[in-house]
Amino acid sequence: MTLPSVANLKAQAKRLRAALAAKGQDISHSQALEILSAQYGFKDWNTASATAARPNQMQFAVGSRVSGTYLKQPFEGEVLSLTRVGPTGHYRVTIKFDTPVDVVTFDSFSAFRSRVVVVITGDGVAVKRTSDGEPYLRMQSTD
């Protein structure tokens, strides 16, 4: 779900107030803003408005072609799903690799992944890191 601008959120709150008033339930504008904030997954209006005021840095969408590294192995693939994870600016992305990626660095055996689910920031870098500090995933759009 994409977060609307602050102006659009305020307009939604105004429409919510009007709809509830038509049914005999009067609420204040601030109560309407708090209800909308909760619907978008924020703890309060201040957090929602601060997040909505930031420029959207997300450059990926479902169906986007991406490339990069997963556990230090190069890949190309497609974004199958993308979900915002709360108000933190993190996203859960599912990527289907064009060619399975061998995530084991030992010569004696292999473990191939053809699909992964990773929590990333808006710039395509995984939040979690390997033991040597390298992000699990780094990706960029190839569209």
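Which residues is His-29 in contact with, leaving aside its neighbours within four places in sequence? The tour of this predicted model takes that question as its starting point and then proceeds from one selection to the next.

**Stop 1: His-29 and helix α2**

Select residues 29-39, which form helix α2, and within that helix pick out His-29. Display Lys-10, Ala-13, Lys-14 and Arg-17 as well: these are the residues in contact with His-29 once neighbours within four places in sequence are set aside. His-29 has a relative accessible area of 31% and is partly exposed, because the partly exposed class lies between 20% and 50%.

**Stop 2: the pairing of α1 and α3**

Select helix α1, residues 6-22, together with helix α3, residues 45-53. Two packed helices are described by the angle between their axes and the distance between the axes. Here the axes of α1 and α3 come within 8 Å and cross at roughly 140 degrees. The two helices are therefore oblique to each other, since only angles over 145 degrees would count as roughly antiparallel.

To see the residues that meet, show Val-6, Leu-9 and Lys-10 on the α1 side, and Trp-45, Ser-49, Ala-52 and Ala-53 on the α3 side. By class, this contact is made up of five nonpolar residues, one polar residue and one charged residue.

**Stop 3: Ser-49 within α3**

Remain in helix α3 and centre the view on Ser-49. Is Ser-49 buried or exposed? Its relative accessibility is 17%, and Ser-49 counts as buried, because the limit for that class is 20%. A distance label may be placed between the side chain of Ser-49 and the backbone oxygen of Asn-46, where the value is 3.2 Å.

**Stop 4: Pro-4, ahead of α1**

Move to the segment before α1 and select Pro-4. Pro-4 counts as buried, at 16% relative accessibility. Beyond its neighbours within four places in sequence, Pro-4 is in contact with Leu-9, Gln-12, Tyr-40 and Ala-52. Leu-9 and Ala-52 have already appeared among the residues where α1 and α3 meet. For a view across the model, add Phe-75: its C-alpha atom and that of Pro-4 are separated by 33 Å, with the two positions 71 residues apart along the chain.

**Stop 5: the two domains**

Colour residues 6-53 as domain 1 and residues 64-141 as domain 2, the division given for the protein chain. How far apart do the C-alpha centres of domain 1 and domain 2 lie? The separation is 36 Å.

**Stop 6: the loop between α3 and β1**

Select Phe-60, which is placed in the loop between α3 and β1. Phe-60 counts as buried, with a relative accessibility of 5%. Not counting residues up to four places away in sequence, Phe-60 touches Val-66, Leu-82, Ile-120, Gly-122, Asp-123, Gly-124, Met-139, Gln-140 and Ser-141. By contrast, Ala-19 lies 35 Å from Phe-60, C-alpha to C-alpha, the two being 41 residues apart in sequence.

Continue along this loop to Ser-64, which precedes strand β1 at residues 65-70. Ser-64 is also buried, with a relative accessible area of 7%. A polar atom of its side chain lies 2.9 Å from the backbone oxygen of Ala-61. Show Gly-77, Glu-78, Val-79 and Asp-143 to complete this view: Ser-64 is in contact with them, leaving aside neighbours within four places in sequence.

**Stop 7: the loop between β1 and β2**

Leu-71 is the next selection, in the loop between β1 and β2. Its phi is near 50 degrees, a positive value in a residue other than glycine. Lys-72 is found in the loop between β1 and β2 too, and its phi is near 70 degrees, again positive in a non-glycine residue. Leu-71 counts as partly exposed at 23% relative accessibility, and Lys-72 is likewise partly exposed, at 47%.

**Stop 8: Thr-83 in strand β2**

Finish with strand β2, residues 73-85, and select Thr-83. Thr-83 counts as partly exposed, at 40% relative accessibility. Its contacts, apart from neighbours within four places in sequence, are His-90, Tyr-91 and Arg-92. Two distances relate this strand residue to earlier selections. The C-alpha atoms of Thr-83 and Ala-21 are separated by 33 Å, at 62 residues apart along the chain. Returning to the starting point, His-29 and Thr-83 are 29 Å apart in space, C-alpha to C-alpha, and 54 residues apart in sequence.

Technical notes: Residues numbered from 1 in each chain as written. Predicted model: local features only at pLDDT ≥ 70, side-chain atom pairs only at ≥ 80, totals over all residues. Heavy atoms only, no water. Helix = DSSP H or I, 4+ residues; strand = E, 2+ residues; numbered from the N terminus. Buried < 20%, exposed > 50% of the residue type's maximum accessible area, 1.4 Å probe, protein only. Polar contact = N/O pair within 3.5 Å; in protein donor to acceptor, adjacent residues only side chain to side chain. Contact = heavy atoms within 4.5 Å. Axes fitted to C-alpha atoms, helices over the stretch in contact; angles between N-to-C directions. Parallel < 35°, antiparallel > 145°, perpendicular 65-115°, else oblique. Nonpolar A, V, L, I, M, F, W, Y, C, P; charged D, E, K, R; others polar. Domains from an automatic or database assignment.
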